[in-house]
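Colleague: I would like to go through this model term by term. For each label, please show me the cut-off behind it.

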Amino acid sequence: MSKKKIIPIGPYHPLQEEPEFFKLIVEGEKVVELEIEIGYNHRGIEKLAENKHWDQVTFVVERICGICSTSHPFAYVLAVEDLLGMQPPQRASYIRMIIDELQRIHSHLLWLGLAGHFIGYNTIWMWAWKAREPILDLFELISGNRQHYAMMKIGGVRKDIDPQNYQAIRKTIKELYPTLKMFEKVVKDDPVIMKRTKGVGVLTKEYAISFGALGPTARASGVNIDVRKDDPYALYDKIDWSVVVLTDGDIYAKILLRILECLESSSIILKCLESLDRIPKGEIETEVFDIPAGEGIGRVEAPRGECFHYVRSDGTNRPVRHKIRAPSFMNVATNLVTVCGYTISDAAITLAAVDPCYCCTERGAVFSKSGKKILTGEELIKLSIEKTEKLKRLYQKQNKFNFQNKNI
Amino acid sequence: MGLKEKILVKSLWVFHISAGSCNNCDIEILDCLTPRFDIERFGMQLIGSIRHADVLLVTGAMNKKSAPILKDLYEQAPKPCFVVAVGTCPCSQHMFKDSYNTISSLDAIIPVDVYIPGCPPKPEAIIAGIAKLINKLTNDKR
Ligand code: SF4
């Protein structure tokens, strides 16, 4: 048995666009352990959000992540609307859905390109990103910016989609369709992609569930989980669509799944446009004046999985607590089982296969001047359990909430 | 303009560092390489090692963890090395100015040659920024 060696990847590695640090512990060619260190992108957004006005927070959370830059504001406005107990106008909901789905296509194509880059197949990168450009043009047409669309607003959307532009959206989506079909065929046919991805980095269904994997990572392993179906927000329940689920759990399944999801998203967009055509042009927002004390949650199916926002208000013009959980936080942990047992050369694509977004996931740790960690993981877990217990007792005393599950 | 710069401007090799960004600027930089914008026609290339770099493209609001590494990387780069701040984040810290984890804008850490504001700047703006850098270098001759 050869001795264990360490291979560092990062924090600034040519393959990664984001800074993160992986420590691969290898035996010969085989990876036996993995350590992930993050924190290079931490900007303290939750705390920043508590110092901003309710309306400004929408823009701050938009800048958590650039790729799924509508999911965070979307989840945030849903959380505030949950707090207020209100519904946005129908038209606004459809516009939100169109933006959300366009973003899903753009994000998946972006990932497809990067995946090609990771297996050294730059042709795929160039093709996928070329196909992505018309979507960005659409965004520019609708919202005025290629990225960071700033469309969400508490109570509705900031801008209407001009009926003249429906045709442009339809045209782009229809033109994209054959390209997506071509990608599907390429992935199914190409011997290189087959060899590099089939049976590599397998995440079994059991592991996917026990790690709490979300989004495409879980769906490629046969777990049927999608917030849009399970707890429909906006008007996803009014539209006929289906969740794509594959069972293999390897990287091949993850690639194929994302392409199939793009096709599904295209059809959702077309259906939303049809509905927009039917309803009269009118209100795109309900005006919100005051935000009373209370709390609310918002869940959105981001391209990477469920994005969760929680806000608490004390009746002032700022949230007192804003908690964000991005999907990558759960998905990145699955790397612990998918990378180990395969070779080093597979590690790059496997690490990328969950479509990790480290700027969403960043957490901070506090160190003293001497370099000692203040509050380690275990201590934090202990604190969190204590706090839950305290809240539980408080709520039980006030008879506000019945804890059916004793293990909470 | 010295001999080194004269040779450099014909094919600037760029290295990209993200020091606490939201990813969008990084994507737009990669976007410059793809067919629509194709920055390689100017002889520019994204390279894998800081030791080959002529230009550093820095994105993101510097935070406490990435800033020391950024400084290290800059010191490792062969000089002359030009620094381009891509996006509002490195130019002026953007809306992260009051955060507990960001420290300063980029120019307080390393010298900056070109600022490209925008959130994110469009690929056209990034290309224009680098073209301005080339202009600045070539017009410098005395
Ligand atoms: S300037 Fe804007 S797009 Fe660029 S990293 Fe900062 S927040 Fe993101």
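Modeller: Let us start with Arg132(A) and Asp31(B), whose side chains meet in a salt bridge with N to O at 3.3 Å. The pair crosses between chains, running from helix 5 (residues 122-143) of chain A to helix 2 (residues 24-31) of chain B. This is a predicted model, in which local features need pLDDT of at least 70 and side-chain atom pairs pLDDT 80 or more, while totals for chains, interfaces and linings use all residues. Residues are numbered from 1 along each chain as its sequence is written, chains are lettered from A and ligands numbered from 1 in the order written, and side-chain values use heavy atoms, leaving out hydrogens and water.

Colleague: Why is the contact of Arg132(A) and Asp31(B) called a salt bridge?

Modeller: The term requires a side-chain nitrogen of Lys or Arg within 4 Å of a carboxyl oxygen of Asp or Glu. Here an Arg and an Asp meet at 3.3 Å, so the label applies. Side chains of opposite charge can pair when their charged atoms come close.

Colleague: What makes helix 5 of chain A and helix 2 of chain B helices?

Modeller: Both are DSSP runs, numbered from the N terminus: a helix is H or I over at least four residues, and a strand is E over at least two. Residues 122-143 and 24-31 are the runs in question.

Colleague: How do you know that Glu28(B) and Arg146(A) form a salt bridge?

Modeller: The closest N and O atoms of Glu28(B) and Arg146(A) are 3.1 Å apart. Glu28(B) is in helix 2 of chain B and Arg146(A) in the loop between helix 5 and strand 4 (152-153) of chain A, so this pair also joins two chains. Both Glu28(B) and Arg146(A) are buried, and Arg132(A) and Asp31(B) are buried as well.

Colleague: What makes Arg91(A) buried or exposed?

Modeller: Buried means under 20% relative accessible area, exposed over 50%, and partly exposed in between, with a 1.4 Å probe and protein chains only. Arg91(A) has 4%, so it is buried. Its side chain meets that of Asp160(A) in a salt bridge, N to O at 3.1 Å. Arg91(A) lies in helix 4 (residues 90-118) of chain A and Asp160(A) in the loop between strand 5 (156-157) and helix 6 (163-189), so the pair ties together parts 69 residues apart in sequence. Asp160(A) has 21%, which puts it in the partly exposed class.

Colleague: How many salt bridges are there over all chains?

Modeller: There are 37. Some are linked in a network, whose members include Asp100(A), Arg104(A), Arg219(A) and Glu301(A).

Colleague: What makes Cys22(B) and Cys25(B) neighbours of the ligand?

Modeller: A residue counts as near if one of its heavy atoms lies within 4 Å of the molecule. The ligand has 13 residues around it, and Cys22(B), Cys25(B), Thr88(B), Cys89(B) and Cys119(B) come nearest. The ligand lies between chains A and B. Helix 2 and helix 4 (88-92) of chain B each supply at least two residues of the shell.

Colleague: Why is the peptide bond between Cys119(B) and Pro120(B) worth a remark?

Modeller: Most residues other than glycine have a negative phi, and most peptide bonds are trans. The bond joining Cys119(B) and Pro120(B) is cis, with omega about -15 degrees. Pro120(B) lies in the loop between strand 5 (114-116) and helix 5 of chain B. Another cis bond joins Lys79(B) and Pro80(B), with omega about 5 degrees.

Colleague: Which sign does phi have at Gln93(B)?

Modeller: Phi at Gln93(B) is positive, about 70 degrees, although the residue is not a glycine. Gln93(B) is in the loop between helix 4 and strand 5 of chain B, and its relative accessible area of 8% makes it buried. Ala150(A) likewise has a positive phi, about 55 degrees, but at 23% it is partly exposed.

Colleague: How do you know that Lys132(B) is exposed?

Modeller: Its relative accessible area is 61%, so Lys132(B) falls in the exposed class. Lys132(B) is in helix 5 (residues 123-138) of chain B. By contrast, Ser92(B), in helix 4 of chain B, has 40% and is partly exposed.
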